[in-house]
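Subject: Structure for you to look over

Hello,

Here is the structure I said I would pass on. Please open it alongside this message, as the notes below go through it part by part.

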Amino acid sequence: MRLAPLIAFIPLVFSPCASAEDAVRYIVHFVDTDAARAARMMPAANDARADTPRHLRSLAAGGELFHVPGGDPSRLAGLPGVAAVEEDLLLTATAVVDPLWKRQWYMHDPKVGVDAEVAWRHTRGAGAVVAVLDTGITAHPEFDGQLLPGYDFVSDAAAARDGDGRDADPTDEGDWRDAGDCRSTRVATSSWHGSHVAGIVAARSGNRPGIVGLAPEAKLLPVRVLGHCGGRLSDVADAIVWASGGTVRGVPRLERRADVINLSLGGPGACGITFTRAIEQARGRGTVVVAAAGNDGAKASTNVPANCPGVVTVAGLARDGSMAWYSNHGERVTLSALGGTLRERGADDIVSTVDAGKRGRERPIFAYYAGTSMAAPQVAALVALMRSADPAIGVDDVTRQLIDNARPLPGACPKGCGAGLMDAGATVDAVVEDRARR
Ligand SMILES: [Ca+2]
Ligand SMILES: [Ca+2]
Ligand SMILES: [Ca+2]
């Protein structure tokens, strides 16, 4: 079982976010009260030209506030008795700024965005838990305070690269490959795939610099199931049982099951008994299971676990809202989310959290990746928002609401993209309304 490794690795350069809007208000300080009083009378009745500064009010701490049409303060500076002119600067709350927000087009684009801010009027995911079964997790400022203690289910010590089998530390040890590894001649640097997926779900809000996840107040449960060359179905199945609150021999049981499990992984094959049972058990305990459709450009029904009964299967859309060329598709797809275009221009892909290390961990950075791996965690995050808005909503109602409130696809998908584009705003609105009716 290998993860979907479609990635465009383009580390970001940060740019300052400056406002270009002209200042049109100025505060003028005068040498004495007579000069101030005279200025407060302007404009004189016979001098009310369109570009004349207009007095708005006197400030409590001294100074007279003027509106200046066109933004040119020279007429104020020329008034009798002026001591100083200062701009009435527009200040913003720095504490809630995530400077890469503008690059997170999939959250807010008017045509294809998921309407994150509409959903956030109700909830940002507080109280919900999202399990990310993936390559593990790396240290990143975007994860500070976001992580629950997870687990490392990779039972093969060589693949795990941490010197032993299963353990309580889900840190990503890197999945780099040398030529000849994994029955492939390809060389690959570490993907830090699990961190990228986790950031899409619940990167912190308000720290800088950075992105924000779709459910920034939800908690992440990092569960490592993929190592060097991928991961085994047996480990993934055990991890599904554990993350949903079930019992796995030798692993301490979770106190609080995950509301949703994200599986941005897969491989060719039918859904066998092992996965079928693990997913059935998870659903029975109230955990929603979301899986990426896969990046083979094939039918999702040929990819496991996307083809398993009860799974919410997510296809990937390009920047224009049509099916991405790499995405799996067809009747097995439940709905679609934005996975990125995967062309040369990385800005049309999905930006999230990774590590800079080519092999081992070095330092936290941000990068654009594309794939159904990036689409699925948006749906998982939306499930967290739904559970936060209505903790009692059942697994089947979650699926029904996702489908009923998906938006018609903005672009073409003749091969089948399920119910349409996930819509966080409409879906959370519907869940809140339903809850109020009960
Ligand atoms: Ca280990
Ligand atoms: Ca470990
Ligand atoms: Ca952030």
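What follows is a summary of the domains, the metal site, the buried parts and the salt bridges.

Please keep in mind that this is a predicted model.

Domains

The assignment splits the protein into two: domain 1 covers 25-87 and domain 2 covers 96-437. Between the C-alpha centres of domain 1 and domain 2 there are 56 Å.

Calcium

The calcium ion (ligand 1) takes its donors from Asp 162, Asp 164, Gly 165 and Asp 167, at 2.2 to 2.9 Å. Asp 162 contributes two OD entries, Asp 164 both its O and an OD, Gly 165 its O, and Asp 167 an OD. Along the chain, these donors follow the spacing D-x1-D-G-x1-D. The arrangement is irregular, because the angles subtended by the 6 donor atoms run from 54 to 167°. For an octahedral label, opposite donors would have to be over 155 degrees apart and all others between 65 and 115.

The calcium ion (ligand 2) lies 3.7 Å from the calcium ion (ligand 1), and Asp 162 coordinates both. Asp 162 is partly exposed, at 22% relative accessible area. Asp 164 is also partly exposed, with a value of 33%.

Buried parts

Which residues of helix H6 are buried? The helix spans residues 193-202, and 10 of its 10 residues are buried. The list runs from His 193, Gly 194, Ser 195 and His 196 through Val 197, Ala 198 and Gly 199 to Ile 200, Val 201 and Ala 202.

The largest nonpolar core has 65 residues. Those touching the most other members are Leu 214, Val 290, Val 314, Val 379, Leu 382, Leu 402 and Met 422. Helix H9 (residues 372-389) gives the most to this core, namely 12 residues. Another core, of 33 residues, lies apart from it and includes Val 129, Val 248, Cys 308 and Val 311.

For Val 290, setting aside neighbours within four places in sequence, the contacts include Val 260, Ile 261, Asn 262 and Leu 263. Val 290 is also in contact with Val 311, Val 312 and Val 314, and with Ala 376, Val 379, Ala 380 and Val 383.

Salt bridges

The count comes to 23 salt bridges. In one of them, Asp 429 meets Arg 121 at 3.8 Å, N to O. Asp 429 sits in helix H11 (residues 424-437) and Arg 121 in the loop between helix H4 (116-120) and strand E7 (129-134), so the pair ties together parts 308 residues apart in sequence. Asp 429 is partly exposed at 24% relative accessibility, whereas Arg 121 is exposed at 61%.

Arg 124 and Glu 217 also form a salt bridge, at 3.7 Å, N to O. This pair is 93 residues apart, with Arg 124 in the loop between H4 and E7 and Glu 217 in the loop between H6 and strand E9 (219-224). Arg 124 is partly exposed at 22% relative accessible area, and Glu 217 is partly exposed at 42%.

A further bridge joins the side chains of Arg 256 and Asp 259, at 3.0 Å, N to O. Is each partner buried or partly exposed? Arg 256 is partly exposed at 36%, while Asp 259 counts as buried at 5%. Elsewhere, Asp 397, Arg 400, Asp 404, Glu 433, Asp 434 and Arg 437 are joined into one network by salt bridges that share partners.

Regards

Key:
Residues are numbered from 1 along each chain as its sequence is written. Chains are lettered from A and ligands numbered from 1 in the order in which they are written. This is a predicted model: local features need pLDDT of at least 70, side-chain atom pairs count only at pLDDT 80 or more; totals for chains, interfaces and linings use all residues. Side-chain values use heavy atoms; hydrogens and water are left out. Buried means under 20% relative accessible area, exposed over 50%, partly exposed in between (1.4 Å probe, protein chains only). Helices (H or I, at least four residues) and strands (E, at least two) are DSSP runs, numbered from the N terminus. Donors are N, O and S atoms within 2.8 Å of the metal (3.2 Å for Na, K and Ca); water is not among the atoms, so sites may look incomplete. Four donors count as tetrahedral if all angles lie between 85 and 135 degrees; four count as square planar and six as octahedral if opposite donors are over 155 degrees apart and all others between 65 and 115; anything else is irregular. A nonpolar core is a set of buried Ala, Val, Leu, Ile, Met, Phe, Trp, Tyr and Cys residues joined through side-chain atoms within 4.5 Å. Contact means heavy atoms within 4.5 Å. Domain bounds come from an automatic or database domain assignment. A salt bridge is a side-chain nitrogen of Lys or Arg within 4 Å of a carboxyl oxygen of Asp or Glu.
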